[in-house]
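Colleague: Got a minute to go through this one with me? I'd like to start with the ligand site.

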Amino acid sequence: MNPNPARSNAVREESMVALSRILPRVLPTLASDADRAVFRERVETHFADAFEMFLHLYGDHYDCHYHLEQTLLLVAEYFATRPATMRARDTERAGDPLWFTSHEMMGAVGYVDLFAGTLHGLHDRLPYLQELGITYLHLMPLFVAPQPHNDGGYAVSSFREVDPDLGTMAEFETVATAFRAHGIALVLDFVFNHTSDEHEWARRALAGDRHYQAYYHMFDDRTKPDEYEPFLREIFPDQAPGSFTYRPEIDKWIWTTFNHFQWDLNYANPDVFRAMLGEMLFLANRGADVLRLDAVPFVWKQLGTPSENLPGVHWIIRGFNAFVRMAAPALLFKSEAIVHPRDVKSYIAPGECQLSYNPILMSHLWDALATRETFLMRHAMQQRFALDPGTTWLNYVRSHDDIGWGFADEDAAAVGIDGGAHRTFLNNFYTGQFPGSFAAGVPFNYNPRTGDMRVSGTTAALAGLERALADGDVDAQQQAVQRILLIYGIVLSIGGIPLLYLGDELAALNAVAYRDDPTKADDSRWIHRPAFPDGRAARRHHVDTPEGAVFTGLQSLIQRRKMLPALAGNDARFHDLQNKHIFAFSRARELLVLGNFSEFRQTFPTNTLLAVLKADDVRLTDQLSGRLYAVGADSAFTMEPYELLWLKS
Ligand code: OTU
C-alpha cells in the first residue's frame, strides 16, 4: 500500500493556499534575490508532495500548519548554508540525473577504522580504491556512539559529530571533497529509526524532559508494550530479546526494536520529523551524495500490526524527499530493507528511495552456489528484478550484516521448492553442517521458538576458501576463487551498481578473534568484519595466491564492465537455456551473460541460445577472455566448471 501518487485536486488546492501563506514568511529569511528565486522555484515544485505527507501524518495534530512552516524555515536555512561545492554538485547532478545508472559505476563499502584506521588513513587509501576503479564509497557509521556497545556504530549519539577515534567532521569534509574530485561519490548511513541512549535527546528524556520523552515511544507501564509485542518480530532474539526496554531512571518502558541502547524514534511526532530532516540536511551539506536509510521498514508503528513496512513509512520517506529536493537536490536515498521481496521493492521509486540494496539477488546467488541450480534464482529475477526508471539496485554478495534467506516462499513454491525446508537446508549448508558443504559460516541469532536463523561469515569463508586452505586442498582453493569471481561477475553485469564489501577483493577469511572480545562475542557478525588484511594486500598481484587471483580477477571484471555501455541501467532479461546449472540473462539485447554454477562441465543445446538471440547462427566474443565462439544450429554449447561468459555478438 503505497501512498497514492494521483493527488486529489482538493489537496492540491489546499497546498497552494498553504504555500501562499507560508512563502512570504520564509523567503525573507534568504539573503539574495538569486537565492530567493531558486528556492521559490524548488518549493513550488515540491511543496504539494511535502504538504500531502504532512496532511496524512500530522493532519490531526492541532498545530499541523505551524509545524509545516517551521519545517520549511529549517529547509530554507540549510538551503542558504549549503556550501558552494555542494551547490555545484546539485547543478552537475541536475545535468546528469541518472548518473548512478552508468556502467562506469562501481561501489565499495567498509568501516573507516577496519579499512584504514582513521579518516586520514582513508584519504591515503585513495590509490587503492582507484586501483579497483571505485566510484561510490559507502562508509559505515562513523559517528559518536556509546562505548563499548554500539551495534557496530548503529547506535548514534550525535549525527553531527564524527567518532573522535576516526577523526573530525572537518576531516570527513576534506575526504569527501578529495574523493569527489576523483570521481568517487560518498555514501553515509542515516540511522534514522533510532538514536543511542546517549544521544542528547535521550539524555534529556532520561532527565525527565517531557518534550524529549515525546521524541521516543515511551510507556508508563507494560500495558501498551504487551499489546504491541505479540505482533512484533524479534530482530536480535539472542542478545536483545523483546522490543521494549525498562529504564528505572524514569520508570518507563521504551520501544527498542534492536538493542536496549537503541531507542526507536517516534515519527508520529512532527518535531521528530523536523529534527531528523535537519540532521539529514546537515550531512548532505557536509558532502554526502547518498544517505543509506538504515532499518527503513521500522520507522512507523501501529498497534495490532507487525509495525514493519506500514504505509506511514512511505509517507515519511516521501516527505523527506520532497523537502530534500528544495535544499540539497543532489542527495539520493538508498533503502536498507532486508524484508520480503515485495516489501523490498515497495521503497524503490524516484520520489522515495532511488537506490536499494538487492537482498533478493544476494540470497539467490548463495542459494545457487549451494544447490548448483539456478532455476529458483531465474524465476525470482523474472518476477522481481525489473525496476521503475530513475531507480536502481545496489547488487552485492556480502555486507556487514548476517545473511537471511529472504527469498519469497511463493517463488520457491512456483518451482516446487518448500521455502521453510529450503531455508533450513541453506542454514545447515552455510554453517558447514550439511554433508559435503564447502562453507565455513557460523549461525547468527538462532531462534529456537521459530527455528529462524541467519548466517555470518566472509565471502571467502562461505565460498569454500577457509576450508580449502585448512585442508591444504589446492583444487578446492581454486574452486572457491572461481565461486567468488562467478557471483561477483553476476553482480557486476546484471544491472545496477555493483557493491564490493571491502575485504572480499582480498578473499579475507573469517575474523574469529571477535570471540575473545567480550564486547563482541555475542554478535557473530563480527566474524565477517575483519581489519584490512595487510599481508594479503601485499600479495594482491600474485595471481598464484587465492587473494591475488581474486583481486586481479575482480579488477579485470571491473575494467571490462566499464568498457561495456550495454551494462548501464537495469533492464536484464532472464533466459532458460535448458540446463538448470546455467544462469543466463541478456543486457540491452547486446550482451549475453552466462554463468555455470556447478563444478562440472555443462552443455546445453545451441538451439536454445540461437532462439534467445533470434539468429540462425552467430559468432560471439567473450568480453572477458576475448575468446571467439561460432554457434551453429543443432549442436551443443559447452561451459567449464564455474565459468562466466560475457558474450557479445
Ligand atoms: C540494520 O540491519 C544494520 O545494517 C545493522 O547493522 C544494524 O544492527 C541494524 O539495522 C540496527 O541499526 O536487522 O540484522 O529490514 O534487516 O535494518 C540486521 C531491515 C537488521 C533490517 C535491518 C537490520
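Modeller: First, a convention: Ala, Val, Leu, Ile, Met, Phe, Trp, Tyr, Cys and Pro count as nonpolar, Asp, Glu, Lys and Arg as charged, and the others, Gly among them, as polar. Also, this is a predicted model.

Colleague: Fine. How do the residues of the shell around the ligand divide?

Modeller: The shell has 10 nonpolar, 3 polar and 8 charged residues.

Colleague: Which of the 21 residues come nearest?

Modeller: Asp 151, Asp 294, Glu 336, His 400 and Asp 401.

Colleague: What lies close to the oxygen atoms of the ligand, in polar terms?

Modeller: An N or O atom in the side chain of His 194 is 3.0 Å from a ligand oxygen. A polar backbone atom of Ile 338 is 2.9 Å from a ligand oxygen. For Arg 525, a polar side-chain atom sits 3.1 Å from one.

Colleague: How much of the ligand does the protein bury?

Modeller: 97% of the 490 Å² that the ligand exposes when taken alone.

Colleague: Switching to domains. How is the chain divided?

Modeller: Domain 1 is 100-191, domain 2 is 194-264 and domain 3 is 570-648.

Colleague: What area is buried between domain 1 and domain 2?

Modeller: About 790 Å², with 55% of that from carbon and sulfur atoms.

Colleague: Which three residues supply most on the domain 1 side?

Modeller: Pro 146, Asp 151 and Ser 157, with 44% of the area domain 1 buries against domain 2. Asp 151 is also among the residues nearest the ligand.

Colleague: How many salt bridges and polar contacts between domain 1 and domain 2?

Modeller: 0 salt bridges. There are 5 residue pairs in polar contact.

Terms used. Residues are numbered from 1 along each chain as its sequence is written. This is a predicted model: local features need pLDDT of at least 70, side-chain atom pairs count only at pLDDT 80 or more; totals for chains, interfaces and linings use all residues. Side-chain values use heavy atoms; hydrogens and water are left out. Domain bounds come from an automatic or database domain assignment. Buried area is the accessible area (1.4 Å probe) that two parts lose on being put together, summed over both. A salt bridge is a side-chain nitrogen of Lys or Arg within 4 Å of a carboxyl oxygen of Asp or Glu. A polar contact is a pair of N or O atoms within 3.5 Å; within protein, one must be able to donate a hydrogen and the other to accept it, and residues adjacent in sequence count only if both atoms are side-chain atoms. A residue is near a molecule or strand if one of its heavy atoms lies within 4 Å of it. Accessible areas come from the Shrake-Rupley method with a 1.4 Å probe; for residues, only the protein chains shown count as cover.
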